[in-house]
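Dear colleague,

I am passing on the structure we spoke about, with the sequence alongside. Please look through it first; my notes on what turned up follow below.

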Amino acid sequence: MESIKRNILLNPGPSTTTDTVKYAQVVPDICPREKEFGSLMKSLREDLVKIVHGDQDKYTSVLFCGSGTINIDVCINSLLPEGKKVLVINNGAYSTRAVEICQYYNIPHIDLQFPIDEQPDLAVVEETFKKNPDIGLVHTTHNETGTGILNPIREIGAIAHKYGATFTVDTTSTYAMRPIDIEKDNVDFCMASAQKGLMAFTGLSFVVGN
């Protein structure tokens with residue numbers, strides 16, 4: 001087996017894949033209607049749930065062809081109940097992306113901004129809920145790539161659930177890299193893309209959810 005020329009990728013995000021990962025894709029074609037394909041997909045989806053310690057009876061994963069941004073788009077569009085608004089806890093570029101998605105779709109939302117070099121103030125988060133009983137979905141980023149700030153998702157999720165809201169977290173920069181327990185961390189839906197912590201090829205993203 002020949003080794004493959006390796007490029008050094010200097011942009012953040014895509015990891016360089018090993019030869020074993022590259023060659024794992026060189027297989028006979030599989031028809032998507034055959035049970036071999038279904039079995040492969042089922043195994044992959046179950047493994048994605050295991051990485052965040054999810055109970056297979058409570059949680060599942062859904063795969064999407066696209067970058068990590070498609071996950072934020074899908075969650076915000078799919079999970080907001082009618083007549084409710086989104087609360088984006090925003091302290092960085094990727095939380096801002098969720099705000100932009102709300103703006104593009106004219107989805108009612110609150111852009112709760114905090115300094116990019118600080119964790120969100122939990123007292124301010126809870127006060128926002130008290131003033132806005134129509135919040136139905138809370139979104140934040142676990143680790144903001146630009147600054148490395150790690151947000152307290154377990155505490156934010158506890159507040160969200162206290163007020164009956166669904167909690168979605170962009171875990172693109174932490175999935176398979178930092179410990180995540182989807183249930184104990186009070187996360188309803190988390191998301192990532194294949195080329196990050198899994199060190200696979202770009203173009204496949206996924207959401208793990210209840």
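The count of disulfides in this predicted model comes to zero, and the cysteines themselves show why. A disulfide calls for two cysteine sulfur atoms within 2.5 Å, whereas the sulfur of Cys75 has its closest cysteine sulfur, that of Cys190, 9.0 Å away, which is too far for a bond. The sulfur of Cys102, in turn, lies 12 Å from its closest cysteine sulfur, which belongs to Cys75, and this too is too far for a bond. As for their surroundings, Cys75 counts as buried because its relative accessibility is 3%, and Cys102 is likewise buried, with a relative accessibility of 0%.

The other matter I looked into is the largest pocket, which holds about 750 Å³ of space. Its lining is made up of 20 residues, and those that lie nearest the centre of the pocket are Gln25, Leu40, Leu44, Ala200 and Leu204. Helix H1 (19–24), helix H2 (35–51) and strand S7 (204–209) are the elements that each give two or more residues to this lining, and it is H2 that supplies the largest share, with six residues.

What is the make-up of that lining in terms of nonpolar, polar and charged residues? The residues lining the largest pocket divide into 17 that are nonpolar and three that are polar, while no charged residue is found among them.

With best wishes

Definitions and conventions:
Residues are numbered from 1 along each chain as its sequence is written. This is a predicted model: local features need pLDDT of at least 70, side-chain atom pairs count only at pLDDT 80 or more; totals for chains, interfaces and linings use all residues. Side-chain values use heavy atoms; hydrogens and water are left out. Buried means under 20% relative accessible area, exposed over 50%, partly exposed in between (1.4 Å probe, protein chains only). On a 1 Å grid over the protein atoms alone, a cavity is a set of points where a 1.4 Å probe fits but cannot get out, and a pocket is an open set with protein on both sides within 12 Å along at least five of seven lines; lining residues have an atom within 4 Å of a point. Grid points are joined across faces, edges and corners, and a volume is the space filled by probe spheres set on the points. Helices (H or I, at least four residues) and strands (E, at least two) are DSSP runs, numbered from the N terminus. Ala, Val, Leu, Ile, Met, Phe, Trp, Tyr, Cys and Pro count as nonpolar, Asp, Glu, Lys and Arg as charged, and the others, Gly among them, as polar.
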